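Colleague: I'd like a close look at a single part of this protein. Could you pick one strand and walk me through its surroundings?

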Amino acid sequence: MNPKQAPEAIPKTTLRPYPQSRPRIGVFGGAFDPPHLGHFKLAQSAIIDLQLDSLIIVPTGQGLHKSRCMSPEHHRLKMTQLAFQDLPNARVDPCELDRGGVSYTIDTVLSLSTQLPGSDFYLIIGADQAEAFDTWHRWTDILQIVTLAVAARSSQIQPDTTLEHPKVELESYKWHNQALAQGIQKIKGHTDPRIAVSLHMPCMPVSATQIRSTIQQQGGEVSQWLNPLVLAYIRSHFLYTP
Ligand code: ATP
């Protein structure tokens, strides 16, 4: 270029925007047999606390951890869609059902990280799952891709909520399974505060097991724990009745 020549002005429209922070993607897997308000609250807390751009809700295929026979996949998928349809930024992804066979979370997070490169991934789980995380297939590989975001599941298993933190700057999860905590430290070489964070969710004393058995054994009241659309679906398809 001739040094005397003024540099050509770059049209504004071609200027790259200031680099934005990486998209934050949550992944929330579950049998959702049925999906209940504990699941909904967990999903909602994750979106707010982690400031997620998107939460991907994944109904699992047959999991290694579920010894019982689950309801047919099309029912679980439909109930999951009904349960989360009004949650902004959330979408239900049937990838594990489509893959068929035993569900492995590692396959799902690998596939999502290929589809959405350059994103930060959070795996949303309850404390019961966090404490048994070292039994998951290829759990150390999962931790290379995601940060765990853990919700309290019962009064016995509580994340360490002694400190108040602003959103996103969440406290590290306090592991109650010391062997797992040490295993994680060994893999990472040191305590990495971003391996797991606590979600600020009030304890919701509900499980799908309780709901199934209440319907099955006593024909009892479960409406307080279910989205009305899910309850209507259960009733119209006679799910969980003997
Ligand atoms: P089940 O009683 O059949 O084992 P569940 O109620 O635990 O079912 P899942 O679909 O297995 O439901 O759970 C999916 C995820 O949601 C898991 O990570 C689990 O820990 C979490 N979760 C379920 N219920 C709650 C709850 N009440 N509070 C916090 N986390 C929950």
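Modeller: Here's a tour of strand β5, with a word on confidence along the way. Keep in mind that this is a predicted model. The protein chain has an average pLDDT of 82, and 78% of the residues score at least 70. Element by element, strand β3 (residues 90-92) comes out highest with a mean of 98, while helix α7 (residues 178-188) has the lowest mean, 75.

Now for the strand itself. β5 covers residues 146-151, and six of its six residues are buried. Val 146, Leu 148 and Val 150 point one way from β5, whereas Thr 147, Ala 149 and Ala 151 point the other way, and all of them are buried.

Next, the partners. Strand β4 (residues 120-126) runs parallel to β5, and six bridges join the two. One pairing you can look up is Ile 125, whose bridge partner in β5 is Val 150. Strand β6 (residues 196-198) is joined to β5 as well, by three bridges, and this pair also runs parallel. Here, look for Ala 149 standing opposite Val 197 in β6.

A caution about reading further along the chain: over residues 155-169 the pLDDT is below 50, although the model gives this stretch 30 contacts beyond near neighbours in sequence. Residues 1-19 also stay under 50, and there the model has two contacts beyond four places in sequence. I'd keep both stretches apart from the picture of β5 when you look at the display.

Key
Residues are numbered from 1 along each chain as its sequence is written. This is a predicted model: local features need pLDDT of at least 70, side-chain atom pairs count only at pLDDT 80 or more; totals for chains, interfaces and linings use all residues. Side-chain values use heavy atoms; hydrogens and water are left out. pLDDT is the predictor's confidence in each residue, from 0 to 100. Helices (H or I, at least four residues) and strands (E, at least two) are DSSP runs, numbered from the N terminus. Contact means heavy atoms within 4.5 Å. Buried means under 20% relative accessible area, exposed over 50%, partly exposed in between (1.4 Å probe, protein chains only). Two strands pair if DSSP finds at least two bridges between them.
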